[in-house]
Amino acid sequence: MVDFELTEEQSMIKQAAHDFADNELVAGAAERDEKEQFPREQIRQMAELGFMGMMVPTEHGGAGMDTVSYVLALEEISRADASAGVIMSVNNSLVCWGLEKFGSPSQKEKYLKPLASGKLLGAFCLSEPEAGSDAVNQRTSATREGNSYVLNGTKNFITNGANADVLLVMAATDKSKGARGVSAFIVDKAFPGVIISKKEHKLGIRSSDTAQITFDGCRVPEENRIGEEGFGFKFAMMTLDGGRIGIAAQAIGIARAALEASLKYVRERKAFDKLLYEFQAIQFKLAEMHTNIEAAHLLALNAALKKDRGERFTKEAAMAKLFASKVAVDNALEGIQIHGGYGYLKDFPVERYLRDAKITEIYEGTSEIQRLVIAREILDQK
Ligand code: CAA
């Protein structure tokens, strides 16, 4: 049986993230959302707290914490501002983790250190206009020329895209080999041929940035390839396993925010001469929202614990993301319902929670892909 009692250090990290979120993130979240304003100063502060490279050892610029601590902190951050949550999640799970695990010593020195300490920001470039769920179908090509590769193609829906300094890019080095013909590269945003071709305007997580990036004859030195040629797809899949724990934590944060806003509202609002919380119909909604949060939280911690123990956690991460993202959407909807007409207005935060929640069912693998991953695992068809 898994022991979920937090260590003293984990409790301290959770508290630090909670306090930071309450003191520095909540107040401006609605305005940043409205203005699609990237939370640059807040991310700088999060870096100071060690939140941008939480699981990276201190000698490589990180905070040297475990995945459980990461889940706890990310929930707190996302509870206040889900946009800050995804920025943190991508830098930690999709960028720093893979560099730490598979990067060469010089890649760690040059790229991981500044990324994990938050001096630089990273992005993960897998999706393409015609490669979303079908991630093997990479059109971006990396053609070898002497000691370098020349990248051509377009990446879509790239979180942190426009603000990132460093991009981890998957590209086909040999299209005929399918998944085994994809390689991963570290691309410095300053390399000639990297073009931010479009900045997306989104339903939710509007203060995080999502961009389309085009590589037009972008020359990348061979030493920037991560692992062997052909390792890129596996690299991306393993990275996304960890990423899905992060998105589960983000979703739980949003679900908690919806419950907290509802708990506050039902203690203030009266109908038929009673406060709303006195109605059993409202109590049942609150009870269900709370129970689902706890269940999602336990699934996320379970996946994190498995990862920390070095065990395979593909299924557990997919289950956590599948369930937590549904809970986020359900809780946000119930939050709006509890608020009635006010829930539909920008005067209250619950409409933002719904807009922010929806993406957790889509990015880093849609809910349909999570079901596919889970089914393959339990049918032993992996
Ligand atoms: N760990 C290790 N290896 C894995 C793996 C995992 N979790 N999943 C697959 N692989 C390996 C397989 O073992 C196989 O290896 P071999 O060639 O050695 O046999 C290889 O990868 C190919 O795997 P599949 O045959 O399973 O490939 P598939 O075409 O059937 O696709 C998929 C599998 C699960 C559908 C996968 O394509 C997938 O996860 N798609 C969703 C992609 C996704 O999550 N995109 C999100 C984009 S990133 C994002 O949103 C970032 C952001 O900015 C927020």
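S69 is buried, with a relative accessible area of 1% (buried means under 20%, exposed over 50% and partly exposed in between, using a 1.4 Å probe and protein chains only). Before going further, a word on the model: it is predicted, so local features need pLDDT of at least 70 and side-chain atom pairs pLDDT 80 or more, while totals for chains, interfaces and linings use all residues. Residues are numbered from 1 along each chain as its sequence is written, and side-chain values use heavy atoms, with hydrogens and water left out.

S69 sits in helix α3 (residues 67-80); helices here are DSSP runs of H or I with at least four residues, strands are runs of E with at least two, and both are numbered from the N terminus. Neighbours within four places in sequence aside, S69 is in contact with Q10, I13 and M54, where contact means heavy atoms within 4.5 Å.

Now to the ligand. Its shell holds 25 residues, and the closest are S133, T159, K234, R244 and R376; a residue counts as near if one of its heavy atoms lies within 4 Å. The ligand lies between domain 2 (123-233) and domain 3 (234-379), because both give residues to the shell; the domain bounds come from an automatic or database assignment. At least two shell residues come from each of α4 (82-102), β3 (148-159), α6 (232-268) and α10, and α6 has the largest share, with 7 residues. By class, the shell has 13 nonpolar, 6 polar and 6 charged residues.

Here are some polar contacts of the ligand, a polar contact being a pair of N or O atoms within 3.5 Å.

| Ligand atom | Protein partner | Distance |
|---|---|---|
| oxygen | R180, side-chain N or O | 2.9 Å |
| nitrogen | D241, side-chain N or O | 2.9 Å |
| oxygen | E364, backbone N or O | 2.9 Å |

Taken alone, the ligand exposes 1,100 Å², and the protein buries 76% of that area, as given by the Shrake-Rupley method with a 1.4 Å probe.

One more residue deserves a visit: G365. Where does G365 lie? G365 is in the loop between α9 (350-358) and α10 (367-378). Is G365 buried or exposed? With a relative accessible area of 17%, G365 is buried. Not counting residues up to four places away in sequence, G365 touches R244, K321 and Q370. R244 is also among the residues closest to the ligand. The C-alpha atoms of G365 and L322 are separated by 9.4 Å, and the two residues are 43 residues apart along the chain.

Key:
Polar contact = N/O pair within 3.5 Å; in protein donor to acceptor, adjacent residues only side chain to side chain. Nonpolar A, V, L, I, M, F, W, Y, C, P; charged D, E, K, R; others polar.
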